[in-house]
Amino acid sequence: MNIIVCIKQVPNTIRVQIDSETGRLKRDGVESIINPFDEYAIEEGLRIKERVCGKVTVVTMGPPQAETALREAIAKGADEAVLVSDRAFGGADTLATSYTLSLAIKAIGSYDIIICGKQASDGDTAQVGPGIAEMLNIPHVAYVKKIESIDNKSIKVERMMEDGYDLIESQVPVLLTVVKEINNPRVASLKGKMIAKKAVIKILDAVAIGADIKKTGLNGSPTQVMKIFTPSQRAGGEKFTGEARDVAAALVKRLSDIGIV
């Protein structure tokens with residue numbers, strides 16, 4: 001079984017800074033890590049491999065520095081890694097990213113399961129995984145918390161809902177986005193780190209995946225950051241004190257004065 005895991009390298013900080021001129025993340029001087037939700041995607045890919053046998057290929061789109069995230073995935077047990085990198089991909093929104101990654105996956109070859117983290121910590125859109133599935137014309141299931149069963153023809157999963165879960169069966173190939181409840185990611189072993197250090201990372205550019213550069217990067221992004229600003233602080237509200245009956249009457253009168261009631 002061929003398993004592809006899509007990951008993203010993100011800033012290791014909760015204080016994300018945006019360049020006010022370009023609308024892009026400021027990455028200089030900020031440590032980068034594998035997107036936390038993608039750690040669960042990697043782990044689940046490895047568990048499927050151990051469960052039914054197969055190969056795990058990890059893919060990321062980003063600048064050359066994103067190679068470090070791929071080596072971390074190999075250290076944990078992934079078999080191969082692919083870096084999708086080209087200046088033409090810079091500034092991509094979720095649509096352009098989905099387009100580029102879908103072409104990269106086609107270029108890699110056959111696949112049975114594609115796994116993504118439910119969302120990226122720097123964007124929080126949860127759109128790329130489903131977007132890839134749509135462009136590959138395959139089914140997808142979001143917010144997967146458990147894989148009940150899997151074989152070469154079908155998969156049965158639990159999709160997390162607010163009031164429980166849905167049990168969903170799908171044909172293969174399929175794309176899944178997973179939540180943190182699905183597993184506990186493993187720590188890379190010393191042997192794995194040594195393997196990762198020597199691993200050859202395959203690099204795919206726009207030509208290699210046959211991308212139309214009008215659909216990649218900023219050129220292919222219908223959504224763009226036009227303005228970034230800090231919202232002005234609100235002034236303190238009006239406070240009523242006294243007996244409950246008096247406070248209620250004063251509040252009703254105040255609301256009436258400003259035309260709300």
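In this predicted model, Val144 has Val178 of strand 10 as its bridge partner. The contact belongs to a pairing in the parallel sense between strand 7, residues 140-150, and strand 10, residues 174-178, which extends over three bridges. Strand 7 also pairs with strand 8, here in the antiparallel sense and over five bridges, and within this pairing Ile150 is matched with Ile155 of strand 8. The connection from strand 7 to strand 8 is a hairpin that passes through three residues.

A further hairpin is formed by strand 8 and strand 9, with two residues between them. Strand 8, which covers residues 154-161, runs antiparallel to strand 9, and the two are held in register by eight bridges. Along this pairing, Arg159 is placed opposite Asp166, a residue of strand 9.

These strands take their places in an open sheet of nine strands, in which the pairing is mixed and the order is 9-8-7-10-6-1-4-5-11. The edges are occupied by strand 9 (164-171) and strand 11 (202-204), each of which has a single partner strand, so that one side of each remains without a neighbour in the sheet. On average, and with direction ignored, neighbouring strands of the sheet are turned by 35° against each other. In general, the side chains of a regular strand alternate between the two faces of the sheet.

Two features of the backbone are found in loops. Most residues other than glycine have a negative phi, and most peptide bonds are trans. Against this background, the peptide bond that joins Val172 and Pro173 is cis, with an omega of about 10°, and Pro173 is located in the loop between strand 9 and strand 10. Cys53, in turn, is a residue other than glycine with a positive phi, near 70°, and is situated in the loop that lies between helix 1 (36-52) and strand 4 (55-61).

With regard to aromatic side chains, a search of the whole structure returns zero aromatic pairs. A charged group is nevertheless placed over a ring, in that Lys145 lies over the face of Tyr165 at 5.2 Å from the ring centre.

Empty space was also examined, and the second largest pocket was found to have a volume of about 180 Å³. Its lining consists of 16 residues, of which Ile74, Ala75, Gly77, Ala78 and Ile195 are the closest to the centre of the pocket. At least two lining residues are supplied by each of helix 2 (67-76), strand 5 (80-84) and helix 5 (190-198), and helix 2 gives the most, with three residues. In terms of residue class, the lining of this pocket is made up of nine nonpolar, three polar and four charged residues.

Definitions and conventions
Residues are numbered from 1 along each chain as its sequence is written. This is a predicted model: local features need pLDDT of at least 70, side-chain atom pairs count only at pLDDT 80 or more; totals for chains, interfaces and linings use all residues. Side-chain values use heavy atoms; hydrogens and water are left out. On a 1 Å grid over the protein atoms alone, a cavity is a set of points where a 1.4 Å probe fits but cannot get out, and a pocket is an open set with protein on both sides within 12 Å along at least five of seven lines; lining residues have an atom within 4 Å of a point. Grid points are joined across faces, edges and corners, and a volume is the space filled by probe spheres set on the points. Helices (H or I, at least four residues) and strands (E, at least two) are DSSP runs, numbered from the N terminus. Ala, Val, Leu, Ile, Met, Phe, Trp, Tyr, Cys and Pro count as nonpolar, Asp, Glu, Lys and Arg as charged, and the others, Gly among them, as polar. Rings of Phe, Tyr and Trp (its six-membered ring) pair if their centres lie within 6.5 Å; planes under 30 degrees apart count as stacked, over 60 as edge-to-face and the rest as tilted. A charge sits over a ring if NZ of Lys or CZ of Arg is within 6 Å of the ring centre and within 35 degrees of the ring normal. Two strands pair if DSSP finds at least two bridges between them. Axes are lines fitted to C-alpha atoms, for helices over the stretch in contact, and angles run from 0 to 180 degrees between N-to-C directions.
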